[in-house]
Amino acid sequence: MQEILEFRRPAGAGSLTELVAAMQDAAIAHSLDLNIGFLRMLKEFNVLWMLVRLRVDLTRRPVGALRLQTFLRAPSSMFSIRDFTLLDEQGVCGSALQCWVLADAGTRKLVSIKSIPALQSLPTPAPERTDTLKRIALPEELTDAALWTVAPEEIDDNGHLNNVVYVRHAEALLKAPCLGLEIQYDRECFAGETLRLQTCGEFVRGVKADGCESFRCRFRKESTP
């Protein structure tokens, strides 16, 4: 089992959506290497990995081929934090992290990570990073910007909307490229559901038909020279 797995994306990443997609691929590859991938967790423990928060911080736009180094922190009872170091042809260009939970495959209720011994002895590099993710505070003046009906091809193995697709639709509403984002996934979305996308500056929120919030996102704009 690799403490740190390096994942390569020769095509690079021309957008935050492509970068988040590469993070997803790297996380899947490392989970398989650690033997905690989707199929084992479902078959042996009847649980699903679900991403609840994500952050990307670029110091500059990646140049050429992209490399992602990914590694875990020691889990708490409810959260597993996965960190990333982002590199391109010129060296380190940023960092990122994902916050994962376990949910019962039938009830979709959260399951304690401590209840699965296989997750307690995974290799983690020292010293661990200590940065955390806080809830995103939204401005009051969000306005409707688009309607989006979830397509069947946007659904992943968990049976819900894939985390990368949220970012793709949110990034499409931006007026200028950004160097980072934070996103929190509050409620699952399923094929056929329609989300109302609301925006204000760098903020994007998705609201379900019943008025419940599905996700909220904040992008970080490029600094002005």
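A residue counts as buried when its relative accessible area is under 20%. Keep that cut-off in mind for this predicted model.

Start with two tyrosines. Tyr-166 and Tyr-185 are both buried. For Tyr-166, the relative accessible area is 3%, so this residue falls under the cut-off.

Now look at how these rings meet. A pair of aromatic rings is described by the distance of the centres and the angle of the planes. The structure holds three aromatic pairs. One of them joins Tyr-166 and Tyr-185, with 5.0 Å from centre to centre and 70° between the planes. That pair is edge-to-face. Tyr-166 belongs to helix α3, residues 163–171, and Tyr-185 to strand β8, residues 178–185. The pair therefore ties together parts that are 19 residues apart in sequence.

Tyr-166 has another partner, Phe-215. Here the ring centres are 5.2 Å apart and the planes stand at 75°. Planes over 60 degrees apart count as edge-to-face, so the pair of Tyr-166 and Phe-215 is edge-to-face. Phe-215 sits in strand β11, while Tyr-166 sits in helix α3. This contact therefore links parts that are 49 residues apart in sequence. Is Phe-215 buried or exposed? Its relative accessibility is 0%, so Phe-215 counts as buried.

Put the rings together. Trp-148, Tyr-166, Tyr-185 and Phe-215 form one aromatic cluster.

Phe-215 leads on to the strands. Strand β11 covers residues 213–221 and pairs with β10 in the antiparallel sense, over five bridges. Within that pairing, Glu-213 of β11 is the bridge partner of Val-207. The two strands form a hairpin with five residues between them. In this hairpin, Gly-211 takes a positive phi near 95°.

What lies on the other side of the sequence from β10? Strand β9, residues 194–200, pairs with β10, again in the antiparallel sense and over five bridges. Arg-196 stands opposite Val-207 in β10. Val-207 thus has a place in both pairings: Arg-196 faces it, and Glu-213 in β11 is its bridge partner. β9 and β10 also form a hairpin, with two residues between them. Gly-201 is in that turn and has a positive phi of about 60°.

That leaves β10 itself, residues 203–207. How many of its five residues are buried? The count is four, so by the under 20% cut-off this strand is mostly covered.

Terms used: Residues are numbered from 1 along each chain as its sequence is written. This is a predicted model: local features need pLDDT of at least 70, side-chain atom pairs count only at pLDDT 80 or more; totals for chains, interfaces and linings use all residues. Side-chain values use heavy atoms; hydrogens and water are left out. Buried means under 20% relative accessible area, exposed over 50%, partly exposed in between (1.4 Å probe, protein chains only). Two strands pair if DSSP finds at least two bridges between them. Rings of Phe, Tyr and Trp (its six-membered ring) pair if their centres lie within 6.5 Å; planes under 30 degrees apart count as stacked, over 60 as edge-to-face and the rest as tilted.
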